[in-house]
Amino acid sequence: MNFFEAIKICFVKYATFSGRASRSEFWYFVLFYTLGTIVTFLLGGVGFLIFYVLTIVPYFAVWIRRLHDINRSGWWTIPILITSIVLVGTIWFIIWGCKKSVSEENNY
């Protein structure tokens, strides 16, 4: 999967919190989200707010689908986001985002 395919899939699955997301889909969308956030923030104005509102739901959806892909519940998003304030949660998200997909059937 390439960069543009990943972005397209994430917007097609805008609010789909079930299923799985591959590592490439996840990391390409995180790259798009990060670059878009930085660029729109630096440009200032309403662009940042518009970009944020349009991308926050697919960002969380792809995170939850990625957690499903490594056989974790999407509910892990809540405590990890809370602990991200002290950087511990961010480290777990990066580790889980890099994990290899689980091939067997999962419950998520």
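Where in H3 does a kink of about 40° lie? In this predicted model, the kink is placed at Thr55, shortly before the proline Pro58. Helix H3 is a good place to begin a tour of the structure, and the paragraphs below return to it several times.

The overall architecture is simple to describe. The protein holds 5 helices and 0 strands, and from the N terminus on its elements run α-α-α-α-α. Of its 108 residues, 33% count as buried. Contacts across the sequence are well represented: among those between residues at least 6 apart in sequence, 68% join residues at least 24 apart.

Helix H3 itself has 23 residues. From its first C-alpha to its last it reaches 33 Å, close to the 33 Å expected at 1.5 Å a residue, and the kink of about 40° at Thr55 lies within this same helix. Val57 is also found in H3. Is Val57 buried, exposed or partly exposed? With a relative accessibility of 29%, Val57 counts as partly exposed. Leaving out residues up to four places away in sequence, Val57 touches Tyr14, Ala15 and Phe17. Val57 can also be placed relative to Cys10: the two are 47 residues apart in sequence, while their C-alpha atoms are 9.7 Å apart in space.

Helix H3 also figures in the nonpolar interior. The largest nonpolar core has 15 residues, and those with the most contacts inside it are Phe26, Phe29, Tyr33, Tyr59, Val62, Trp63 and Leu67. Two or more residues of this core are given by each of helix H2 (23-43), helix H3 (47-69) and helix H5 (88-98). The largest share, 6 residues, comes from H3. Tyr59 illustrates how the core is joined up: apart from its neighbours within four places in sequence, Tyr59 is in contact with Phe29, Val30 and Tyr33.

Thr40, found in helix H2, offers a polar residue to look at. Thr40 has a relative accessible area of 15% and is therefore buried, the cut-off being under 20%. What does the side chain of Thr40 reach? Its partner is the backbone oxygen of Thr37, at 3.3 Å. Thr40 also touches Gly47, Phe48 and Phe51, when residues up to four places away in sequence are not counted.

The stretch after H3 has a backbone feature of its own. Most residues other than glycine have a negative phi. Asn71, however, has a positive phi of about 65° although it is not a glycine. Asn71 follows H3 and lies in the loop between H3 and helix H4 (77-83). The relative accessible area of Asn71 is 29%, so this residue is partly exposed.

Finally, the cysteines deserve a word. The structure holds 0 disulfides. Cys10 is buried, with a relative accessible area of 1%, whereas Cys98 is partly exposed, with a relative accessible area of 43%.

Methods. Residues numbered from 1 in each chain as written. Predicted model: local features only at pLDDT ≥ 70, side-chain atom pairs only at ≥ 80, totals over all residues. Heavy atoms only, no water. Core = buried A, V, L, I, M, F, W, Y, C linked by side-chain atoms within 4.5 Å. Buried < 20%, exposed > 50% of the residue type's maximum accessible area, 1.4 Å probe, protein only. Helix = DSSP H or I, 4+ residues; strand = E, 2+ residues; numbered from the N terminus. Contact = heavy atoms within 4.5 Å. Polar contact = N/O pair within 3.5 Å; in protein donor to acceptor, adjacent residues only side chain to side chain. Expected span 1.5 Å × (residues − 1). Bend = angle between axes of the 7 residues up to and from the residue. Disulfide = S-S within 2.5 Å.
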